[in-house]
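This report covers the confidence, overall dimensions and nonpolar core of the model shown here.

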Amino acid sequence: MDDAELIEAAARLVKSLTPGDLDHTLSRITVAAVEVLPEVDYASITVKHSDGRLETVAPTDDVLWGVDAAQYDLQEGPCYDAAVDTVHVVSPDLGADPRFPRYAATAVAVGIRAQAGLRLFDAPRSQGALNLYSTAVGSFTDLGSLGQLFTHQSALAIGYAQEVDNLQVALQTRRTIGQAIGILMERYSLTDQRAFAFLTRLSQHGNVKLNRVAEQLVDDAEGKGERGTGQDR
Amino acid sequence: MGDLDRTTLLARLARLIAEDDNDLQLEARLCRAYLAMMSGDGAALTLSYTQPERVTLCTTDDLAARLEDLQEVLGEGPGPTAYVTEQIAVADLRAETGPWPLFTEAARKVPGAAVLYAVPIRPWNDGVIGVLTVHQQTMELPDAGQAQFLASAIGAALVKDPPVEFSLGSGPWTTRSEIHQATGMVVAQLRISPDDALALLRAHAFSHDISLAAVADLITSRHLHFTDDAESETP
């Protein structure tokens with residue numbers, strides 16, 4: 001790729017990666033990876049949660065659900081490595097790659113011959129990696145600066161989206177705790193202060209986050225008894 | 001709108017925020033500065049507009065508060081439309097017809113209401129987090145590009161510095177807490193989902209022509225109680 005192409009790709013990238021809400025942002029990143037980066041046929045993002053759980057988000061093709069799941073199950077493959085410990089993993093010829101003997105068979109069986117995993121973000125509560133897939137042997141040997149630019153730009157967009165997400169989660173937490181306090185007020189004829197204190201004690205006693213205790217209370221209250229609404233979520 | 005215009009606008013907004021009463025919360029100063037930039041008569045700032053976790057962070061006057069409440073209770077008006085479509089929406093409350101007949105009819109009875117517009121708050125121009133509404137007497141609207149740009153700037157400030165401390169003290173958070181608590185009490189009274197309970201609160205507010213906060217207060221003070229058979233009110 002020459003400089004002019006690189007600049008043009010970079011410009012398209014910045015344009016397509018405006019941040020939105022978190023889900024949209026992640027989808028845009030994988031779609032942009034296929035459009036902007038050379039040799040990419042499919043892309044997905046692996047998120048590693050704080051409890052160790054690995055999740056595939058925003059795959060550009062349904063075939064990736066199985067391919068990614070195989071890497072999580074086998075605990076091997078570029079996307080597993082990039083999400084878990086290595087920052088940058090490239091495998092231009094999966095079938096001949098001695099690092100991924102078990103996973104490669106699964107990938108090659110669905111036509112995937114080359115793969116790269118690039119670390120996208122490393123947040124306190126989660127880590128994420130971008131997975132790039134190609135049907136052609138020899139791909140991704142030259143990701144270089146465009147790959148770096150891409151992950152940098154993606155990380156920025158994700159950072160913004162996470163800030164928006166944090167605000168929305170905070171609002172939802174307030175709602176749930178407020179509703180739980182109301183349920184306790186009604187059930188035990190408590191004032192709001194006493195209900196809040198009670199909720200706090202429940203949380204400390206069971207060593208469960210206040211929000212989780214509140215969620216459980218709300219879920220139980222609406223489902224219980226002979227009168228259901230029939231549309232409980 | 002060029003970069004120079006944007007810089008000038010941001011500088012004016014920043015100065016208004018800085019010069020305002022420092023005892024006020026950031027969200028109140030943001031809302032007041034926006035109103036000054038738009039040259040309207042009153043404004044309101046509400047997050048998660050059509051969601052159950054909605055919270056009105058600031059209203060600059062009683063009329064703004066009443067119009068905000070009506071839109072929540074009725075579920076329609078420029079505010080909900082701006083939140084859902086992510087576009088600016090305008091209501092001429094003096095017109096006979098319009099896209100929000102319920103809201104327009106109710107708002108017309110509120111003294112002083114004439115024109116209300118709503119601007120989605122989209123930090124980084126995408127992904128709406130709330131709505132700024134402005135009411136005024138004239139149909140002369142500010143430049144849409146500037147209105148949107150400044151609303152986005154305010155959204156970015158809110159997201160960077162979120163107003164989310166949990167307190168049982170006073171202010172907008174308490175009002176909203178009371179609505180959540182009342183919702184929870186009705187969930188326990190009728191064993192229905194929180195969404196259904198909130199809808200019931202809204203219906204009660206509408207049919208009794210009082211604010212949602214007033215209904216919540218009646219419930220949490222145990223003056224209004226819903227039972228399985230029929231709703232009962234004790235003084």
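The text below takes confidence, then chain B, then the core.

This is a predicted model, in which local features need pLDDT of at least 70 and side-chain atom pairs count only at pLDDT 80 or more, while totals for chains, interfaces and linings use all residues. Residues are numbered from 1 along each chain as its sequence is written, and chains are lettered from A and ligands numbered from 1 in the order in which they are written.

Chain A has an average pLDDT (the predictor's confidence in each residue, from 0 to 100) of 84, and 87% of its residues score at least 70. The extremes among its elements (helices are DSSP runs of H or I, at least four residues, and strands of E, at least two, numbered from the N terminus) are tabulated here.

| Element of chain A | Residues | Mean pLDDT |
|---|---|---|
| Helix H1 (lowest) | 3-16 | 67 |
| Helix H3 (highest) | 63-74 | 93 |

Over residues 225-233 of chain A, pLDDT stays under 50.

Chain B contains nine helices and seven strands. Its C-alpha trace spans about 65 × 45 × 30 Å along the principal axes. Of its 235 residues, 46% are buried (20 or more other C-beta atoms within 10 Å of the residue's own, with C-beta atoms placed from the backbone; 12 or fewer is exposed, in between partly exposed).

The largest nonpolar core (buried Ala, Val, Leu, Ile, Met, Phe, Trp, Tyr and Cys residues joined through C-beta atoms within 7 Å) has 128 residues, of which Ala33(A), Tyr34(B), Leu132(B) and Leu201(B) touch the most other members. Helix H6 (residues 144-188) of chain A gives the most to this core, 14 residues.

Notes:
Contact = placed C-beta atoms within 7 Å.
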